[in-house]
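Here is a short set of exercises to work through with the coordinates open. Try each task on your own before reading its solution.

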Amino acid sequence: MVKVIDKPLSVNPLKKSQVLGAVTAFLGIDSCMPLVHGSQGCMAFTKNFLTQHFREVTPMQSTAVFDIATILGDDSNLHDGIKNVIEKQSPKIIGLVTTGMTETRGDDTKATILRFREKYPEYGDVVIVPVSTPDFKGDAETGYGEAVAALLETALSCLNVKKYNTKKQVNILSGMHSTAADIDWLKRLMADFNIEAFVLPDLASSMGGQVTRYYGLPEEGAPLERIAKAGGADFTIAIGSCMERAADVLLEKCSIPYKKFDTLTGVKATDELISWLIDYTGEPVPEWVQIERKRAVDAMLDAHFSFGGKSCSIAAEPSLAYSLGRFISEELGVKLQSVVTTAKEGNFEKLNAEHIICGDMEDLEEHLSDSDFVLSNSNALNICKRKGLPLYKVGYPIKDMLGHFHRNFIGYIGAMNLTFDLGNICLELDIEESHRI
Amino acid sequence: MKLRLQALVNEPDCDHNQSKTEKQKKEACKKPTPGATAGGCAFDGAQIVLLPVADAAHLIHGPITCCGHSYNNRGTRSTVGDMHTYGFTTDISEMDIIMGSESKLKESIIYIAEKYKPKAVFVYSTCVTSMIGEDIERVCEEASSEVKLPVIPVDSPGFSGSKNLGNKFAGEALIKHVVGTAEPEDIGKFPINLIGEYNIAGELWQVEPIFKAVGIDILSKMTGNAAYEELCFADKAKASVVICSRALIYIARQLKETHGIPYIEGSFYGMKQIKETLLKIASIFESKELEKNIESYTSKMEKETYKQLKPYLPALKNKKVLVYTGGVKSWSVLYQLEELGMEVIKSSTRKSTEEDIERILEHFDGDESALMPKGDGKTILNLLKEHNASLLLAGGRNMYTAMKGQVPFLDVNQERLFAYAGYEGMVELAKHITYTLESPVFEVAHSKAPWEVA
């Protein structure tokens with residue numbers, strides 16, 4: 001049962017808006033400018049947040065809806081915004097993200113875009129992807145999923161879909177919680193199973209530090225030409241439940257079957273993926289994968305002495321909370337005290353936790369009970385300091401730590417890393433306890 | 001709203017405003033360009049000013065973006081409380097928009113008052129709650145009488161303008177609802193209000209000892225490390241010192257008009273500036289004693305500081321810097337860099353008032369080519385290259401622009417961890433510039449990979 005604590009406000013929100021999710025998704029697309037349709041702050045806060053999180057240049061723009069324009073609600077801000085972005089930055093795609101403000105005003109962005117097309121036929125080759133992401137509903141993950149779905153809907157319908165080579169083509173829809181290391185791991189795995197994989201969005205390439213020059217637009221993420229061709233793939237893998245909407249678009253429009261993996265964190269979850277790959281491709285399992293599994297299991301054996309009797313709490317977006325919660329409770333044997341997340345329903349309901357709460361960091365703080373450690377984003381640090389608990393940083397934002405985006409959380413390697421990291425936290429607690437006189 | 005905006009935008013104490021032609025006036029109030037904007041909204045600006053008041057809670061009445069993406073992210077430090085690290089928001093939903101959320105707002109205020117026991121609650125309106133016509137002023141009044149705490153409405157919808165305007169909204173809220181509501185116990189001999197210092201990374205603690213040493217008492221800090229209570233008796237000070245924001249001249253002017261408190265503008269970035277600012281204060285008090293104290297203290301501190309700077313100065317000498325920052329910093333930091341022996345090639349004018357620009361020009365002997373208009377990362381990097389500059393000094397959002405260009409960088413933004421004010425800050429600044437300039441990483445970054453070598 002998901003609990004919602006009865007209170008009129010949110011204290012130290014865990015939730016981030018759909019705007020953040022949608023913008024993040026668009027940052028993983030090559031030559032795509034996220035354009036936030038709202039007042040300057042909606043974009044500025046989001047930009048600041050993501051710049052700190054990724055430690056990268058995070059291109060995005062705002063339609064800067066301003067006073068009189070707000071009340072009148074005409075096309076001018078949106079048209080000027082699109083036009084200026086095209087003229088200054090020459091994007092191939094514009095990800096048009098709405099906000100609570102423009103949604104309250106009742107903007108019909110699709111109609112506005114049609115009028116833009118009529119007025120400026122010279123910009124006809126720039127793909128404009130409208131996505132409705134008011135911040136008075138949903139959360140970052142829904143915004144992220146909606147953006148990818150909208151992108152596919154727009155890009156697939158406006159460009160020819162062509163099958164282009166003989167290898168098996170698989171679309172990988174990577175969820176918002178995927179790190180660069182996770183995405184790279186999947187790419188390598190797919191390649192070694194002789195699959196031509198296409199990762200969408202590809203934040204590893206755009207925000208993973210491989211672009212070594214200044215950019216006014218995200219570079220080297222998933223390119224438009226390739227997105228259009230996603231419609232010609234043989235299969236789609238969706239990672240995390242928020243990617244199901246996008247997988248449905250590919251199924252409905254192009255009849256591409258898909259498999260959804262709610263989690264790829266842990267040995268069991270990775271086994272599930274590898275089994276599927278064996279069945280699907282008939283290829284042998286690459287040696288490095290076999291080695292990684294042995295190492296993960298060995299790590300878990302070594303560490304299990306410290307996990308018994310421990311409990312932890314998690315505060316994260318639904319897909320991430322589920323992935324971590326399942327691995328920690330079902331494979332490491334750490335008890336889940338409280339899982340706080342940002343949705344009222346989802347697969348996380350299945351977790352074996354004392355409390356499952358749709359709420360905020362205050363709820364986390366008040367339901368920690370006898371937790372030994374906490375998994376959450378940087379905003380939980382104050383709580384953990386107050387309670388004297390170790391914090392293992394996951395989710396958004398991670399602003400006080402280097403290299404989080406280059407850590408593996410999925411695959412056997414992810415299981416091994418998590419086991420070591422969390423095992424070390426518990427080992428330290430044990431040593432401290434044992435040395436206490 | 002429109003009338004109120006006009007009143008706030010119109011700054012009679014700014015000479016330029018009076019002598020401006022219609023066209024110039026229009027330009028100054030230029031709207032942001034859709035698709036080519038930078039910087040935050042009015043709500044952001046209001047929050048920057050008030051958030052340092054850490055024994056008061058800050059409740060944001062709006063949907064999740066406004067608070068969810070911004071809380072617990074200011075570099076401001078406080079010893080009076082930790083409420084500035086909390087994010088309180090009504091997190092309004094679709095249903096709240098349809099049905100109205102004034103009762104939710106009131107309940108939220110009561111919840112905070114009972115549970116967190118702050119000294120006051122600041123309530124910020126945002127775009128959506130402003131558009132649906134929520135009467136936060138009335139709700140605050142009602143809640144205030146119920147919880148027996150000051151509950152201050154800050155009318156700050158983001159769409160009304162830039163951060164600068166938001167600074168004024170915050171000032172307006174302070175003047176209207178806070179200043180003049182309490183009596184101080186002891187005001188000291190030379191009591192001042194320190195306006196526009198937010199204690200970022202603890203900069204106030206570099207400035208406070210200077211005041212103390214010369215005998216000036218800071219009665220009300222607006223708002224770095226301020227307790228709510230001290231804002232209430234700002235009207236009892238004998239002078240106001242505006243040190244960081246032209247936008248907060250509003251408060252100083254109101255204090256002058258309604259309470260006859262004269263004000264001066266100054267800066268604590270750079271030794272020359274420190275001395276000048278202190279002497280300006282002394283002239284308000286018309287005190288020879290103060291003047292004497294200042295003269296002897298500053299000359300002692302300057303000597304001491306130069307001694308501490310000595311090891312760093314050779315590495316900084318004649319190095320070229322591009323300053324890309326906003327408002328007051330666009331000129332105040334120039335003096336600091338000059339004193340470190342560095343050469344500023346250009347300074348940005350975004351978010352700067354005309355007064356700020358005039359001061360930049362003063363520094364460059366009127367050479368307008370030294371002004372750098374708004375530009376994106378590419379413009380910045382091109383300028384650095386063109387002038388063969390060694391360092392970019394800018395806010396955190398441009399940090400990664402510099403890293404992409406593989407250029408040494410110094411962060412002067414709100415979230416930074418290091419403090420650069422006062423005498424101590426000068427040394428700190430010299431150290432940190434030296435660290436980035438001399439880091440071996442740039443040599444590695446500029447080297448070619450083996451497979452790239454011809």
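The exercises below deal with a predicted model, and each task is followed by a worked solution.

**Exercise 1. The overall form of chain B**

Task: Find how the radius of gyration of chain B relates to that of a compact globule with 454 residues.

Solution. Begin with the secondary structure: 22 helices and 13 strands are found in chain B. Next, take the box along the principal axes, where the C-alpha atoms of chain B fill roughly 70 × 65 × 50 Å. Now apply the globule rule, 2.2 Å times the number of residues to the power 0.38. For 454 residues this gives a radius near 22 Å, and chain B agrees because its own value is 23 Å. Two further figures complete the picture. In chain B, 55% of the 454 residues count as buried. Of the contacts in chain B between residues at least 6 apart in sequence, 72% join residues at least 24 apart.

**Exercise 2. Where the chains meet**

Task: Work out which elements of chain B supply at least two residues each to the side that touches chain A.

Solution. Start with the totals: 56 residues of chain A are in contact with 53 residues of chain B. Then sort the chain B side by element. Those with at least two residues each are α4 (42-50), α5 (64-68), β2 (88-89), α6 (94-99), α7 (102-116), α8 (127-131), α19 (377-386) and α20 (399-405) of chain B. From α5(B) come five residues, the largest share of that side. Sorting the side of chain B that touches chain A by class gives 22 nonpolar, 21 polar and 10 charged residues.

Finally, look at the strands. Strand β2 (residues 10-11) of chain A runs antiparallel to β2(B), and two bridges join them. The partner of S10(A) in β2(B) is T89(B).

**Exercise 3. A helix pair in chain B**

Task: Decide whether α14(B) is parallel, antiparallel, perpendicular or oblique to α17(B).

Solution. As a reminder, a packed helix pair is described by the angle and the distance between the two axes. Here helix α14 (residues 271-285) and helix α17 (residues 329-339) of chain B have axes that come within 8 Å and cross at roughly 125°. Check this angle against the cut-offs: 65 to 115 degrees counts as roughly perpendicular and over 145 as roughly antiparallel. The crossing angle fits neither class, so α14(B) is oblique to α17(B).

Which residues make the contact? On α14(B) they are M271(B), K272(B) and Q273(B), and on α17(B) they are S332(B), Y335(B) and E339(B). By class, this contact of α14(B) with α17(B) has two nonpolar, two polar and two charged residues.

**Exercise 4. A sheet in chain A**

Task: Trace the strand order of the open sheet of six strands in chain A.

Solution. Going across the sheet, the order is β1-β13-β12-β11-β14-β15 (chain A), with parallel pairing. At the edges are β1 (2-3) and β15 (391-393) of chain A, each of which pairs on one side only. Now pick one pair inside the sheet. Strand β12 (residues 335-341) and strand β13 (residues 353-358) of chain A are joined in the parallel sense over five bridges. In this pair, T341(A) stands opposite C358(A) of β13(A). Then add the helix: α14 (residues 318-332) of chain A packs on the sheet and touches β11 (311-315), β12, β13 and β14 (373-376) of chain A. The direction of this helix makes about 180° with that of β12(A).

**Exercise 5. Backbone angles worth a look**

Task: Examine the phi values of S90(A) and Q406(B), and the omega values of two cis peptide bonds.

Solution. Recall that most residues other than glycine have a negative phi, and that most peptide bonds are trans.

- S90(A) has a positive phi, near 45°. S90(A) lies in the loop between α4 (76-89) and β5 (93-98) of chain A, and is exposed because 12 other C-beta atoms lie within 10 Å.
- Q406(B) has a positive phi of about 55°. Q406(B) sits in the loop between α20 and β13 (409-411) of chain B, and its 16 C-beta neighbours inside 10 Å make it partly exposed.
- From L200(A) to P201(A) the peptide bond is cis, with omega near -15°. P201(A) belongs to the loop between β8 (195-200) and α9 (203-207) of chain A.
- M222(B) and T223(B) are joined by a cis peptide bond with omega about 10°. T223(B) is in strand β6 (residues 217-223) of chain B.

Note on methods
Residues are numbered from 1 along each chain as its sequence is written. Chains are lettered from A and ligands numbered from 1 in the order in which they are written. This is a predicted model: local features need pLDDT of at least 70, side-chain atom pairs count only at pLDDT 80 or more; totals for chains, interfaces and linings use all residues. Two residues are in contact if their C-beta atoms, placed from the backbone, lie within 7 Å. Helices (H or I, at least four residues) and strands (E, at least two) are DSSP runs, numbered from the N terminus. Ala, Val, Leu, Ile, Met, Phe, Trp, Tyr, Cys and Pro count as nonpolar, Asp, Glu, Lys and Arg as charged, and the others, Gly among them, as polar. Two strands pair if DSSP finds at least two bridges between them. Axes are lines fitted to C-alpha atoms, for helices over the stretch in contact, and angles run from 0 to 180 degrees between N-to-C directions. Angles under 35 degrees count as roughly parallel, over 145 as roughly antiparallel, 65 to 115 as roughly perpendicular and the rest as oblique. A residue is buried if 20 or more other C-beta atoms lie within 10 Å of its own, exposed if 12 or fewer, and partly exposed in between; C-beta atoms are placed from the backbone.
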